[in-house]
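Colleague: I would like a close look at a single part of this model. Please take the place where the two chains meet, and walk me through it step by step.

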Protein chains: 2
Amino acid sequence: VGRWSTTTLPYGVVRWGGRPPRPATAVGDDALDLAGLARDGLFDGVLDDPLGTLEHPTLDRFLAAGPSAWGGIRARLLELVHDAGAADRLAPHLRPLDEVSPVLAWTVADYADFYSSREHATNVSRIFRPDDPSLPAAWDHLPIGYHGRAGTVVVSGTPITRPTGLRRDPATGEITSGPSLHLDVEVELGWVVGVGSDLGTTVPTTAFADHVVGAVLVNDWSARDLQAFEYRPLGPFLAKSFATSVSPWIVPLDALADARVAPPAPPHPPAHHLAPAGDGYAVRFELELAPGGSASTVLSRPDAAGLRWTPAQQLAHLASNGASLRTGDLYASGTVSGATREERGSLLELTWGWTDPVMLVDGTRRRDGLADGDEVTIGASIVAADGEPIPLGEVVGRVVPTGTRGHLPPQ
Amino acid sequence: VGRWSTTTLPYGVVRWGGRPPRPATAVGDDALDLAGLARDGLFDGVLDDPLGTLEHPTLDRFLAAGPSAWGGIRARLLELVHDAGAADRLAPHLRPLDEVSPVLAWTVADYADFYSSREHATNVSRIFRPDDPSLPAAWDHLPIGYHGRAGTVVVSGTPITRPTGLRRDPATGEITSGPSLHLDVEVELGWVVGVGSDLGTTVPTTAFADHVVGAVLVNDWSARDLQAFEYRPLGPFLAKSFATSVSPWIVPLDALADARVAPPAPPHPPAHHLAPAGDGYAVRFELELAPGGSASTVLSRPDAAGLRWTPAQQLAHLASNGASLRTGDLYASGTVSGATREERGSLLELTWGWTDPVMLVDGTRRRDGLADGDEVTIGASIVAADGEPIPLGEVVGRVVPTGTRGHLPPQ
């Protein structure tokens, strides 16, 4: 991952030196302790209770504090970071990023995942249903999605234990149980809800920035053989519930302003609750695979700019039936894929249904999905108004064999 | 609902007299304040920190305390309730149930819902796919399920706002948006996880009682028109996420001992992680519908005894891919339906796809699902060894029109 820009100022939670985890931002190669800054009074007047909000082992209170608090803290941080005279006030609260351990930054309330890439949905239809490769009937009318398992959202760096499950051999029809034979990744863009909504009310697309604090990078690990067997008629379940990795740092919405793009023109006017569409985001992903101990291969570079449904539409859709939103809700785009092979965000698509192997720089190949020991890194960046790329961090996970207890990073 | 037996002793959280909510049990027509008993020292020696565990606005700490604490408290309560000499020690902590307000008793972590009734799955296949009414390929091999929205699990009594959404007219193909035209109920048996499990590990069916504290009654409200349009390929989403009602009282596993039955013989040996099957539970439901202000009609009496998958199998399946369980996880059976019309647990089935109206005692009929103002009550009981029915409480919800803010019970 590149150095963090001095304008991104993402939110995370880190620990170092045996102290309890605390909220931080990242600047350059350093973590900057937000609880420490609050204790020094540097957020006084910016929000009601800086220390109560920030001296906490999660970002939960900060998320719930809402847009004026988010904006106030961000404005103050921008001021401090760009004021040479403030350097001595920041210094005691800086710690090199490679000396801190990120933890999951917030309590994930509900996790929903969408299916917003036309190219991904089309590829999946073509691979799985070659006789009828049309998109699902509802796909262009609403953001199709499902709920995932919030309790298995893990922070980047958490090892991913290969899941076991039942699958049917497509050739013989035989049903067997065992470690997944087609373990896959999904490159996704996720959004974190700070401010919830009440049961029985709806949320317009125009209220996106009142509710969403920022974006994370998501790897929605998927066991494709388990998925193919279990998913009718209630959707993916154990094929995805074993782990979903998120980047440690939430990139504030304001830091993504330069990435805003108009979403693709829809084929017909949207339903009332999905209009206006709001902004798309040109987030450029890089999907890398490094076999255990070997060099890394860039597999693809998907871009979220072309997604059919915007995050504002996804949020409005989630609440359009009167469902409440809660602080900590996470929702993600679904696999981001583009029109070319180089833009495919899953191995299912890159290998075109496990037929066309992906070549790695160490000379090995992957035809059937991830091997044990493989480390997957999804990085992302946006392009600033001046043309410079601005990194958004990365989400990393290494596959460990079934039966290996997935040891969590030291807490 | 009948008077609570002196042997059931369910766990709930109630409020009265402007005090914060507190854990309670129910005996006869009274709530018995567990925090009060703890304060009086009546649980001393029974668990490590009775007051810290029980003087809390939810059951979360009690759930996490595990089977020995659950068993200890239950044994002590049974002793106190059946000891005439203890009456004066209990008296200060009793309050008539009709003077207390139940609140959601615990923090729902993840909510998963299964599809365990062969008759329900068969009916749905026959109604929706008459040309190919076979069960899904995986149905007899594993407990098919999906994740629901934990944040919209509500306590019995919470009004249910009719959800709005997109649906396709089956006759014309026209896609419109509006309040659901086919609002339905699902009679379900739910289970509450007290003790979680670690990521990357599995849970055998034989460990069921080490993890699950007890059962609740569930109404998994469903907007069938929305569901039919949105569910391919990722399963039900907004059609169910607007609300799931649960009974206020968790019935302890030990109180269900007399209801244990052998599950139906499976058509083939189960996969390794689903054996041994564990117990089925003969829980007899009663589904009632009362139009606003009118008398109640019993629509059906499903029985959970015949479910294909046991709660122990469902729990083991949830964790079989290495997914962690958490304190507060809720999982439910899916609609409980039996072989006859009188045992169908949803209006979709009772009206056979909105063709055969249900007649109500007030002379009205329901062909297309619930009307605004309808109050649905799902009650349940088991039969004790001596043949006496033992009530398990009820879950109630009244449908309010779209646009009516769903006012929650006073908190």
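Modeller: What follows is a tour of the contact between chain A and chain B, with a few related features after it. Keep in mind that this is a predicted model.

Start with the head count. On chain A, 57 residues are in contact with chain B, and 57 residues of chain B take part in turn. Together the two chains bury about 5200 Å². Carbon and sulfur atoms give 63% of that area. Three residues stand out on chain A: R149(A), L234(A) and F237(A). They supply 16% of the area that chain A buries against chain B, more than any other three residues.

Next, the symmetry. Two copies of a chain are related by a rotation about an axis and a shift along it. Here the turn is 180° and the shift along the axis is 0.0 Å. After that move, chain A lies on chain B with an RMSD of 0.0 Å. This is the relation of a two-fold axis. In chain A, G235(A) has the C-alpha nearest the axis, at 2.0 Å from it. Now compare the two sides. Of the interface residues of chain A, 100% are also interface residues in chain B, so the copies meet through the same surface.

Now the polar side of the contact. Between chain A and chain B there are 14 residue pairs in polar contact. The count of salt bridges between the two chains is two. One salt bridge joins D329(A) to R149(B), with the closest N and O atoms 2.8 Å apart. Side chains of opposite charge can pair when their charged atoms come close.

Which elements of chain A give two or more residues to the side that touches chain B? Three are strands: β6 (111-114), β7 (145-147) and β10 (164-168). The others are the helices α8 (224-230), α9 (238-241) and α10 (311-319). By residue type, that side of chain A divides into 29 nonpolar, 19 polar and nine charged residues.

Two of those elements are also linked within chain A. R167(A), in strand β10, forms a salt bridge with D225(A), in helix α8. Their closest N and O atoms are 3.5 Å apart. The two residues sit 58 residues apart, so to speak in distant parts of the chain. Over all chains, the structure holds 42 salt bridges.

Look at strand β10 in the other copy. In chain B, β10 (residues 164-168) runs antiparallel to β11 (residues 175-179), and five bridges join them. T164(B) stands opposite P179(B) in β11(B). The hairpin of β10(B) and β11(B) has six residues between the strands. There G173(B) takes a positive phi near 80°.

Then follow helix α8 in chain B. The loop between α8 (224-230) and α9 (238-241) of chain B holds P233(B). The peptide bond from R232(B) to P233(B) is cis, with omega near -5°. Most residues other than glycine have a negative phi, and most peptide bonds are trans. A second cis bond runs from A275(B) to P276(B), with omega near -10°. P276(B) lies in the loop between β18 (260-261) and β19 (280-281) of chain B.

One backbone angle in chain A closes the tour. W354(A) has a phi near 65°, a positive value in a residue other than glycine. W354(A) is in the loop between α11 (347-350) and β23 (358-359) of chain A.

Definitions and conventions. Residues are numbered from 1 along each chain as its sequence is written. Chains are lettered from A and ligands numbered from 1 in the order in which they are written. This is a predicted model: local features need pLDDT of at least 70, side-chain atom pairs count only at pLDDT 80 or more; totals for chains, interfaces and linings use all residues. Side-chain values use heavy atoms; hydrogens and water are left out. Two strands pair if DSSP finds at least two bridges between them. Helices (H or I, at least four residues) and strands (E, at least two) are DSSP runs, numbered from the N terminus. Contact means heavy atoms within 4.5 Å. Buried area is the accessible area (1.4 Å probe) that two parts lose on being put together, summed over both. A salt bridge is a side-chain nitrogen of Lys or Arg within 4 Å of a carboxyl oxygen of Asp or Glu. A polar contact is a pair of N or O atoms within 3.5 Å; within protein, one must be able to donate a hydrogen and the other to accept it, and residues adjacent in sequence count only if both atoms are side-chain atoms. Ala, Val, Leu, Ile, Met, Phe, Trp, Tyr, Cys and Pro count as nonpolar, Asp, Glu, Lys and Arg as charged, and the others, Gly among them, as polar. Copies are superposed by least squares on the C-alpha atoms of residues with pLDDT of at least 70 in both.
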